Amino acid sequence: MSQRQVTTRADTGSRTQVRHDRSAIFMALIPCFALTAVLGLLSDGVHHDDDLTHFLMGRWAHWYPGYLLHIWGKPGLTIPLAAVAWIGDTDIGWHAARLLSAVVTAVTALLAARLAARLGVARPWLVVPALYIQPLCSLLAFTTLTETFTAFYLVAAICLLYARRPVVASLVFSLVLVTRLEALVLLPVWWLGLFGSRVSPARLGMAGLTAFWAPLAHNLAFRLVFQRWPITVFFAPHGSTEYPGVGWLGYILPALHAIPPVVAGCALIGGFVLLRRGRGLVPALAGTFFLTHVVIKALGVFASGGYGRFMVAISPLIAILVVVGLSEFAPRRGARRAPSRPWFVLGAVWAVGLLAFEMQCRAGRFAVPDERILWAIRILAAAIITLILLNGAAARGRPRARLARLTVFILAATCVVQWAVVARPLQPGDRQIAAHRVIQWLVDRDLADEPLFAASPWFAYYLNLVENPRAHKDATLLSSMPVGTIFIWDSNYSGNDFHKLELEAFQRDDHYRLLASFPASGANPVEMHVFHKIAETPLPTQPPESYPIDLMSSERTITGVYYIRAGDAEQQQGY
């Protein structure tokens, strides 16, 4: 057989394998996308209130385009959200935005699988279920949060880089920097990836510079509109009293909420494998982002809540690493025994998770309602760790197939159970229900059309209010509101570092009369008090400084009624 015939057959086989991989990827992707789309249609609540606020900013940009530049809202999320959030009423617009997130997650999974194939990962279609089995990734697929879009931009940029298009890759990567601010730490890692892409010095230099385009454009546009520089947020890491430092293991539990211990262990193994193969960009980006949040949570800086959902930003990279890591548990060709090291790494991840759980419980940061539940968690985790270590020990001696099958079944069950508990239709939570109850009380007394001041975003959602981006809801703005204003104080927002509206001050102030109090109730209780402003109030001479600083309002804030009602808003557009 000639060399040409051998090459032709090899090419044919390669093309056949590529077509098979693509078919398998789409077969895995379609049900996952359909599931998240349906869960979004069935959802009327939020994962966090941030979910609602991001949607509202995207919707409000129809009237106030300045929201497209909002620092907290993030341009990388607000701009695509604004494309659909305006549709219909708030309910229709929000469900359209949820569907957009489901589509973006599906495209992210597709790109991650194709990137895995380009990296030479066997059975790249497995990346799709490895992405969706991360419960917070599936959950955020029907929310309106930044992490979903960050993941999309990040994996798209890496795909373009491996396709030897470094300049376009950097253009896309730059969007990551205006979607999650802490992603700035990924920039040096990205530059190292560019350096290793083996392109001409001219293209390398151009790619390195274009990685700055989105933050640069955002800073210049923001300066033009709001007269401040967004980059200054990095110069004030301290100031929050709500999110103190919790130690170096403080972020482990939130991370394992997003990435189950089994998935995290396999990803760690896969990261070492890719580093050994000289394919270090994916594990380096994922590891840097994770360690950044470990440091932020440990030190309590930048008013970060330390939420597990932040890990969704690297979920496609984790999915690739998981598939690589799973292959390490199989015996190598010609070997009589399965490798033991992966089992010990997996056991170490579970052990660190259990240690972090114990430390948070003892510090009073992880409340367990029943001591028996606490002991059940300890016993179950210890039993799983023991099983994992027994498999590692057995791999060095006589193989025990039954033990391995039992362990795999239990580990898989932990992932499925965690996913089923987390990734469910979002129903109205306690804050949402409490706000709706207060609004109904106002409607029953013909007070819903009076001037309103409320820090909670749920009042703007239900009453269809469009807030001015220059409004900072603090004591100064409340003092400037007209007599007759209904002020709703709530225990979740009003007294925090950003608004600083203390309840005791209004209970003592003769300018306000208490109309009603709504006691806290539910699993996440929120207390609300309705005040009526009965007299003019002087503007405070030295209002307390908020944290983080509100750059949108700091140079040219507005006073008086800070919103327009959407029904009257079409003629009142502006910045």
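**Helix packing and a few unusual backbone sites**

Trp125 is partly exposed, because its relative accessible area is 31%, and partly exposed covers what lies between the 20% and 50% cut-offs. I should say at once that this is a predicted model.

Trp125 sits in the loop between H4 and helix H5, residues 127-132. What does Trp125 contact, leaving aside neighbours within four places in sequence? The partners are Ala24, Ile25 and Ala28. For scale, Ala106 is 19 residues from Trp125 in sequence, and the two C-alpha atoms are 13 Å apart.

A second loop residue is Pro425, between helix H18 (401-422) and helix H19 (430-444). Pro425 also counts as partly exposed, because its relative accessible area is 30%. Pro425 and Leu42 are separated by 383 residues in sequence, but their C-alpha atoms are 5.7 Å apart. Once neighbours within four places in sequence are set aside, Pro425 is in contact with Leu39, Leu42, Ser43 and Phe142.

Now the helix pairs. Two packed helices are described by the angle between their axes and the distance between the axes.

I start with H4 and H7. Their axes come within 9 Å and cross at roughly 30 degrees. H4 and H7 are therefore roughly parallel to each other, since angles under 35 degrees fall in that class. The crossing is left-handed. On the H4 side, the contact includes Leu100, Val104, Thr108, Leu111, Leu115 and Arg118. On the H7 side, the residues include Phe149, Phe152, Val155, Ile158 and Tyr162. By class, the contact of H4 with H7 has 14 nonpolar residues, four polar and one charged.

Next is H13 with helix H16, residues 341-362. These axes also come within 9 Å, and they cross at roughly 130 degrees. H13 and H16 are therefore oblique to each other, and the crossing is right-handed. From H13, the contact uses Pro261, Val262, Ala264, Gly265, Cys266, Leu268 and Ile269. From H16, it uses Pro342, Val345, Leu346, Val349 and Trp350. That contact divides into 11 nonpolar residues, one polar and no charged.

The third pair is H9 and helix H10, residues 201-210. Their axes come within 10 Å and cross at roughly 165 degrees. That makes H9 roughly antiparallel to H10, since the class takes angles over 145 degrees. H9 passes H10 in a right-handed crossing. Trp191, Leu194 and Phe195 of H9 meet Leu204, Ala207 and Gly208 of H10. Five of these residues are nonpolar, one is polar and none is charged.

On to H14, residues 281-299. Why does its end-to-end distance agree with its length? H14 has 19 residues, so at 1.5 Å a residue it should span 27 Å, and its end C-alpha atoms are 27 Å apart. The expected span uses one less than the number of residues.

Many names come up on the buried side of H14. The buried residues include Leu281, Val282, Pro283, Leu285, Ala286 and Phe289. Among the others in that list are Thr292, His293, Val294, Ile296, Lys297 and Ala298. Which helices do the buried residues of H14 pack against? They are H4 (90-118), H7 (146-162), H9 (187-195), H13 (261-276) and H15 (315-326). H4, H7, H9 and H13 are thus partners of H14 as well.

After H14 comes Gly300, with a positive phi near 65 degrees. That leads to the backbone. Most residues other than glycine have a negative phi, and most peptide bonds are trans.

Phe302 is not a glycine, yet its phi is positive, about 60 degrees. Phe302 is placed in the loop between H14 and H15. Phe302 counts as partly exposed because its relative accessibility is 37%.

Arg164 is another case: its phi is near 65 degrees, again positive in a residue other than glycine. Arg164 lies in the loop between H7 and helix H8, residues 166-177. Arg164 is partly exposed, because its relative accessible area is 47%.

Last, the peptide bond joining Tyr547 and Pro548 is cis, with omega about -5 degrees. Where is Pro548 found? It is in the loop between strand S5 (528-533) and strand S6 (563-565).

Technical notes. Residues are numbered from 1 along each chain as its sequence is written. This is a predicted model: local features need pLDDT of at least 70, side-chain atom pairs count only at pLDDT 80 or more; totals for chains, interfaces and linings use all residues. Side-chain values use heavy atoms; hydrogens and water are left out. Helices (H or I, at least four residues) and strands (E, at least two) are DSSP runs, numbered from the N terminus. Buried means under 20% relative accessible area, exposed over 50%, partly exposed in between (1.4 Å probe, protein chains only). Contact means heavy atoms within 4.5 Å. Axes are lines fitted to C-alpha atoms, for helices over the stretch in contact, and angles run from 0 to 180 degrees between N-to-C directions. Angles under 35 degrees count as roughly parallel, over 145 as roughly antiparallel, 65 to 115 as roughly perpendicular and the rest as oblique. A crossing is left-handed if the near helix is turned anticlockwise from the far one by less than a right angle, and right-handed if clockwise. Ala, Val, Leu, Ile, Met, Phe, Trp, Tyr, Cys and Pro count as nonpolar, Asp, Glu, Lys and Arg as charged, and the others, Gly among them, as polar.
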